[in-house]
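The following exercises are to be worked through with the sequence and the structure at hand. Each task is followed by a stepwise solution.

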Amino acid sequence: MTQWKPLLQIVHISDLHFCDNYDDKQKLIREQRFWRLKARRWFEERNVGGWHEGSLGHDSVGLEYFEQFLQDYAANEREWFAAENAEFTPQTWLVDTGDATTFGDEQSIEMAIKRIDGWRRLLHDCPARLLYGNHDAWPGGQPVINMGIYDRAAVRQKALVGSIAAWRDEEWLKPLVVQAPGGPRVECYGLDTVSFRFVPNTLALGETSKPALERLCAAIDSQPVPRAYRILATHHPVVYPYEPDDIRDRGIPKMQLRKAQRVLDHLGAAPASSAATRQPYVHLFLSGHTHASYPAAALPDNVSAIHSPGLGPEQLQLVGGSLMQIRDRTRTREDSENPSGLDANFHYKQVAGFSLRRICTANQQFQILRFYYRDNDRTALQLERLMFVRLPNALRYQLVESTISRTRLSC
Ligand SMILES: [Fe+2]
């Protein structure tokens, strides 16, 4: 019988929405920007573009219990935090796919970076891949409220985001790497999908550029070993079963990654005739942004049985929900029409072409991805996915049993 052994676990968190005693309304009052304050009220009252959820900060109880979870996890999961004299020590990586803050203000960014570093240390000083999200590109508040002064504010915001070393895209081109003796190699990169330009930043739209994609492919090409299982962290999902209302508000596009097809063309499956050895460039896309995890369902035994428009047979997109955001009242009201408990957080997307369509909208959740290898097989991996959710009025994060699954991957 084949023995699968632990290779790597990824603690994937996203959309933390830290808010350290900061209030965008107070900022406008202090700066005597009363017209902007009025405009802000107008957007808030009409919940334009999902304003309520977009302006909510983190829940300090969720924060406390997430840290408690990490402490217990690192103490109890002996198999994953093996002693150093073992023949091979599996690795742990902390991957954060952005929106560390709600408003992009300096004090919340500082708080977020400090806390994330603390989590990394709780996970036995593990390596981390940290991205920023569209909210971290907000200059202290929604861009639309800064209309007219936005361009100057965006320059300052870009410099602030750039001052965090882990958030620089040149960092994301240096992969996190693990390889067991005789087993497959896994690499993890990052790609910027966030725009600081006024319109896309206002509408939470994602963008990438051709040169950025070419730089990523060149970084992958420069690795000494061509065969590897490659993971790419992005804030905006490249593939997601968006319904029309998710990506349009009063006819205006929002939320999604623009020109996602260009990303897929660069990183997707190669034609059968291709002589390239590094295809696909990316096997697993890991993202956040939607505040809903996807798929919130057990994965089939083999990744090639999952169908998503645009993805090749060995490719997979996984999306994490927000880690610890305060509950959005509008969403809670909608969910209360459903059965209570965890069931209320599951929804089916009515979108053609996706074989898995269930999402989980719980505002406090994260996932752990465990990769296993077997001796003398450099091409096969097994992925075990664990989703954790913290429900309103509950203290601890709980494992969602119905999503536990093991899937065969290959590279
Ligand atoms: Fe977010």
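Two strands pair if DSSP finds at least two bridges between them. Helices (H or I, at least four residues) and strands (E, at least two) are DSSP runs, numbered from the N terminus. Residues are numbered from 1 along each chain as its sequence is written. The model is a predicted one: local features need pLDDT of at least 70, side-chain atom pairs count only at pLDDT 80 or more, and totals for chains, interfaces and linings use all residues.

**Exercise 1. The open sheet**

Determine in which sense β4 and β5 pair, and over how many bridges.

Step 1. Strand β4 pairs with strand β5 (residues 185-191) in the antiparallel sense, over 4 bridges. Within this pair, Q179 stands opposite R185 of β5.

Step 2. Place the pair in its sheet: the order is β4-β5-β6-β9-β10, an open sheet of 5 strands with mixed pairing. Its edge strands, β4 (176-179) and β10 (316-319), each pair on one side only.

Step 3. Consider the angles, taken between axes that are lines fitted to C-alpha atoms; angles run from 0 to 180 degrees between N-to-C directions. With direction ignored, neighbouring strands of this sheet are turned by 20° against each other on average.

**Exercise 2. Strand β1**

Establish which strands β1 pairs with, and state why it is described as largely enclosed.

Step 1. β1 and β13 (residues 365-373) run antiparallel and are joined by 7 bridges; K5 stands opposite Y373 in β13.

Step 2. With β2 (residues 91-97), β1 pairs in the parallel sense over 6 bridges; here I13 stands opposite D96.

Step 3. A residue is buried if 20 or more other C-beta atoms lie within 10 Å of its own, exposed if 12 or fewer, and partly exposed in between, with C-beta atoms placed from the backbone. Because 8 of the 9 residues of β1 (residues 5-13) are buried, the strand is largely enclosed by the rest of the structure.

**Exercise 3. Residue R227**

Is R227 buried or exposed, and which residues does it contact beyond its neighbours within four places in sequence?

Step 1. R227 lies in the loop between α9 (210-221) and β6 (229-234).

Step 2. R227 has 12 other C-beta atoms within 10 Å and is therefore exposed.

Step 3. Contact requires C-beta atoms, placed from the backbone, to lie within 7 Å. Apart from its neighbours within four places in sequence, R227 is in contact with R378 and C411.

Note on methods:
Two residues are in contact if their C-beta atoms, placed from the backbone, lie within 7 Å.
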